Amino acid sequence: LLSALRRRCDIAGKRLSGPGLAAEGRVLHSVLYVYHSKLLRHRPYLGLQQVEQCLKRLWKMNLVGCLETLVELIPKKNASKAHAECLVPSQPVLETVALKVLGGCKLIVRLLDCCCKAFLLSVKHLCSKEFILLNTVALGLLSRLWFVIQYRCVLQTLMSLYSALSTVLRLVSETQQTPYIKGFTFPSDISDFLGVDVSSEAKKQKAKMLTTKKSTSWMKKIFPAMPEAVSKVGKKRKSETCTSAMKNRSILCPMDIGERVV
């Protein structure tokens, strides 16, 4: 049990402290800082603020540091004999870590929900041709953040960590009861505590985001297709420009990307 708990703590710590979440959080903060004075009442902007609030609370919990402290208290080698004494983390330490893991899972569920809502709001405003640049950036940012959490299985890793924690906590409390957190009963099943089925909820959010996006229909509304004659002229100019640039590389000139969009 102790070796399994150590392994799951290491995995959870690596996935929480990975470069993906931190990078997306910094980009999100920069976007909100740039558009703060212009879009205070913009609904997608308010949705992005909720996403950033969840990320800030997740970092301020210092869940990674708490897991590192727990790993240091777990002995690296198990006792060789069946009845030999073994040092284990105390009940107050296990309760504190378990409570933080529960809070982290709640925050990540809330974060995924906020990402989905902000994504749908951004698509809606993009289809109505409002703040095209901001909404396009927000769509990419929210998609990457949602994908990082789901692809790296951050929530599932914390849930499996809690199951190992609860087992060790129960055995330690039976051996020597020294309760630290009073007035709260630790749930045996974390899915009941979260109140949602994580796998099915993630599939629903993904399906909702994909069906609402409607591939490139909003792009066709904003940028109508060019006439065939204009398109041919643009292609001809582009090929001529590329040929001349290859012949004379010493001359630095901007490449023609076609006719401008009215």
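Leucine 107 counts as buried because its relative accessibility is 15%, under the 20% cut-off. This residue offers a convenient way into the structure, which is a predicted model. Leucine 107 belongs to helix α5, and its contacts beyond four places in sequence are Cys54, Arg57, Leu58 and Met61. Leucine 55 lies 52 residues away from leucine 107 in sequence, yet the C-alpha atoms of the two are 8.2 Å apart in space.

Helix α5, which runs over residues 91–127, also holds histidine 125. Histidine 125 has a relative accessibility of 14% and therefore counts as buried too. Once neighbours within four places in sequence are set aside, histidine 125 meets residues on either side of it in numbering: His42, Arg43 and Pro44, together with Glu130 and Asn135.

Attention now turns to the start of the chain. Helix α1 takes in residues 2–16, 15 residues in total. At 1.5 Å a residue, a helix of this length should span 21 Å, and the C-alpha atoms at its ends are indeed 21 Å apart, so the expected and modelled spans agree. Several positions along α1 are buried, namely Leu2, Ala4, Leu5, Arg6, Cys9, Ala12, Gly13 and Leu16. The cover over these buried residues includes four other helices: α2 (19–34), α3 (43–60), α4 (63–73) and α7 (154–175).

Helix α7 appears again around the open space in the model. The largest pocket holds about 320 Å³ of space. Its lining consists of 13 residues, and those closest to the pocket centre are Cys86, Val88, Pro89, Val172 and Thr175. With four residues, α7 supplies the largest share of this lining. In character, the lining is made up of eight nonpolar and five polar residues, with no charged ones.

A word on confidence helps in reading these results. Averaged over the chain, pLDDT is 75, and 71% of the residues reach at least 70. Residues 245–257 form a stretch in which pLDDT stays under 50. For that stretch, the model has five contacts beyond four places in sequence.

Taken together, the passages above give a newcomer several places to look. In α5, leucine 107 and histidine 125 are both buried. In α1, the buried residues are covered by helices that include α7, and α7 also gives four residues to the lining of the largest pocket.

Technical notes:
Residues are numbered from 1 along each chain as its sequence is written. This is a predicted model: local features need pLDDT of at least 70, side-chain atom pairs count only at pLDDT 80 or more; totals for chains, interfaces and linings use all residues. Side-chain values use heavy atoms; hydrogens and water are left out. Helices (H or I, at least four residues) and strands (E, at least two) are DSSP runs, numbered from the N terminus. Buried means under 20% relative accessible area, exposed over 50%, partly exposed in between (1.4 Å probe, protein chains only). Contact means heavy atoms within 4.5 Å. The expected span of a helix is 1.5 Å times one less than its number of residues. On a 1 Å grid over the protein atoms alone, a cavity is a set of points where a 1.4 Å probe fits but cannot get out, and a pocket is an open set with protein on both sides within 12 Å along at least five of seven lines; lining residues have an atom within 4 Å of a point. Grid points are joined across faces, edges and corners, and a volume is the space filled by probe spheres set on the points. Ala, Val, Leu, Ile, Met, Phe, Trp, Tyr, Cys and Pro count as nonpolar, Asp, Glu, Lys and Arg as charged, and the others, Gly among them, as polar. pLDDT is the predictor's confidence in each residue, from 0 to 100.
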